[in-house]
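Let's take a walk through a protein model, one stop at a time. Keep the 3D view open and follow along.

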Amino acid sequence: MWFKPKFAVTSFFLLFFCCVFAGCSLDRDIAVKVKKAFQESALLHQYPVGFELFDLDKGKVIYGQNNHQYFVPASNTKLYTFYAALMALPDTIPALRYIEKGDSLIFWGTGDPSFLHRELQGNKALGFLQKHQGKLFYAPGRYTGEAYGAGWAWDDYNEDFQAEITELPLYGNLVEVQMAGGMKISPGLFQQAFLRDGLSDQRHGYIKREFLTNRFHVPSGNLTFKTQFLPFKTSTALTLALLSDTLHREVEEIALKMPDSARTLYDLPRDSVLKQMLLPSDNFIAEQLLLLCGNQASAKLETAETIVATEQKFLISLPDKPVWVDGSGLSRYNLFTPADMVRVLELIYKRVNDRKKLFAMLPAGGKSGTLKRAYPTTDQPFVFAKTGTLSGVHNQSGYVVTRRGKTYIFSFMNNNFVLPVAQVRKEMVKMMMYIHENF
């Protein structure tokens, strides 16, 4: 009578240990193959490379190479901003804070990037201000930081990817110039600021703004673009002028600290704003999102304070202490490890708790966003990741789904190379396709 139960128990443990050892053996096999693939690469020995592959189901690292060394993340930083927004912001973005005093409306900015933004098209704040019957007063001063993030390249001031940071951005803090049947400028308030004096860079046929003023120099020859976006130099005076011009009514300035009792006007769904940040890798939206996160906790809108609060409240489980200074990744002061990137992606996956929804928000290899042309064109992508590119920097961090249905988190970071980015990207894609095909 005793032999049968004993045999059953023994068999159970034997089967259990066989499964465990088989699983460990499989993980070791994957690690060996991935390591060999890296070793056989003719390219990945020429510059610093960091990589980590993480089994999402098992919650364990399968393979790491320099995964605890620090790398400049570039726009991989937006994954940190993404997670901060998921944790701090409500489902709908706060567009304005306001109080009503007598017949007047006094309002403060929240950092919301959507106000008159060409892609996001946040319009509730606009409609709210248009419909109010009393006087309108804008109270600046919640954001006292610099127009640029720490470590940004000053000479990119004319590039559309480096719009200024403000508490109440309008039109994405960009002027749009269209060349279709003549030069069309939006907002129209800037019409007189464009000077056809030949002082621009005629080699490229593009318009160039003066560094410290809103004077835009147009080349004397033919312009080579259809549409150009130029950052404008922000100021309270310009904000008031743009608001007044857009609303067709006067908006005045008032010096008033925002009271705790200030009400909140909400506009766009948070996730639609996050998606617009991630897919085209929008630096402006990323920076403004950190101000929005600050709006939830303080009367001040401060990037540095938001970063510290996010690290202390939500990122204490990171394996390595990050150096995180901005929301977009334009700064080379940012330093993250692949292990940290993987942990943030794991936290994001658990927070969203909807695989289909999460993957739809990220660039998809061969299908959408910044990965559309990186991988072969397909309706069934297998890589969903954030890219990050600066001079000498190219990274991908995200999720890879294999042919066998396994989902891995990965972070692939390349720094300090002098090769064309296209070559580095091609090698990364080759490695990720190998993992997709074989595991």
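Two residues are in contact here when heavy atoms of theirs come within 4.5 Å of each other. With that in hand, start at Asn 76: leaving aside neighbours within four places in sequence, Asn 76 is in contact with Met 341, Lys 386, Thr 387, Gly 388, Asn 395, Gln 396 and Ser 397. Bear in mind that you are looking at a predicted model.

**The whole protein**

Zoom out for a moment. The protein has 439 residues, and buried ones make up 54% of them. Its secondary structure comes to 10 helices and 16 strands, and the C-alpha trace spans about 95 × 55 × 35 Å along its principal axes. If you take the contacts with a separation of 6 or more, 66% of them are between residues 24 or more positions apart.

**Asn 76 and Ser 75**

Now back to Asn 76, which sits in the loop between β2 and α2. Is Asn 76 buried or exposed? Its relative accessible area is 0%, so Asn 76 is buried. The side chain of Asn 76 has two backbone oxygens to look at: the one of Lys 386, reached at 3.0 Å, and the one of Thr 387, which lies 3.3 Å from a polar atom of that side chain. Try finding Met 413 as well: 337 residues separate Asn 76 and Met 413 in sequence, yet their C-alpha atoms are 9.4 Å apart in space.

Next door is Ser 75, in the loop between β2 (60-65) and α2 (77-88). Ser 75 has 11% relative accessibility; buried means under 20%, so Ser 75 counts as buried. The side chain of Ser 75 makes a polar contact of 2.7 Å with the side chain of Lys 78. Not counting residues up to four places away in sequence, Ser 75 touches Ser 281, Asn 283, Ser 328, Gly 329, Lys 386, Thr 387, Gly 388 and Thr 389.

**Helix α6 and its partner**

One of the residues just listed for Ser 75, Asn 283, brings us to helix α6, which covers residues 283-295. Helix α6 is mostly covered, with 13 of its 13 residues buried. At the start of α6, a side-chain oxygen of Asp 282 comes to within 3.0 Å of the backbone nitrogen of Phe 284.

How do α6 and helix α7 (residues 303-314) cross? Their axes come within 9 Å, at a crossing angle of roughly 70 degrees. The two helices are therefore roughly perpendicular to each other. On the α6 side, the contact is made by Leu 290, Leu 291, Cys 293 and Gly 294, and on the α7 side by Thr 303, Thr 306 and Ile 307. Sorted by class, that contact has four nonpolar, three polar and no charged residues.

**Helix α4**

Helix α4 is another one to find. Here are α4 and α6 side by side, with their spans from first C-alpha to last:

| Helix | Residues | Length | Span | Expected span |
|---|---|---|---|---|
| α4 | 236-247 | 12 residues | 16 Å | 16 Å |
| α6 | 283-295 | 13 residues | 19 Å | 18 Å |

In α4, the buried residues are Leu 238, Thr 239, Leu 240, Leu 242, Leu 243, Thr 246 and Leu 247. What covers them includes β4 (104-109), α3 (124-131), β5 (135-138) and β12 (251-253). Right after α4 comes His 248, with a positive phi near 60 degrees.

**Val 177 and some backbone details**

Strand β6 (residues 174-179) holds Val 177. With 0% relative accessibility, Val 177 counts as buried. Setting aside neighbours within four places in sequence, its contacts include Met 183, Ile 185, Phe 194, Ile 207, Phe 225 and Leu 230. For Val 177 and Gln 312, 135 residues apart along the chain, the C-alpha atoms are separated by 43 Å.

Two asparagines have a positive phi. Asn 173, in the loop between β5 and β6, has a phi near 55 degrees; at 2% relative accessibility, Asn 173 counts as buried. Asn 416 lies in the loop between β16 (407-415) and α10 (421-438), and its phi is near 60 degrees. With a relative accessible area of 61%, Asn 416 is exposed.

Last stop: the peptide bond from Ser 186 to Pro 187 is cis, with omega near 0 degrees. You'll find Pro 187 in the loop between β7 (183-186) and β8 (194-195).

Notes: Residues numbered from 1 in each chain as written. Predicted model: local features only at pLDDT ≥ 70, side-chain atom pairs only at ≥ 80, totals over all residues. Heavy atoms only, no water. Helix = DSSP H or I, 4+ residues; strand = E, 2+ residues; numbered from the N terminus. Expected span 1.5 Å × (residues − 1). Buried < 20%, exposed > 50% of the residue type's maximum accessible area, 1.4 Å probe, protein only. Polar contact = N/O pair within 3.5 Å; in protein donor to acceptor, adjacent residues only side chain to side chain. Axes fitted to C-alpha atoms, helices over the stretch in contact; angles between N-to-C directions. Parallel < 35°, antiparallel > 145°, perpendicular 65-115°, else oblique. Nonpolar A, V, L, I, M, F, W, Y, C, P; charged D, E, K, R; others polar.
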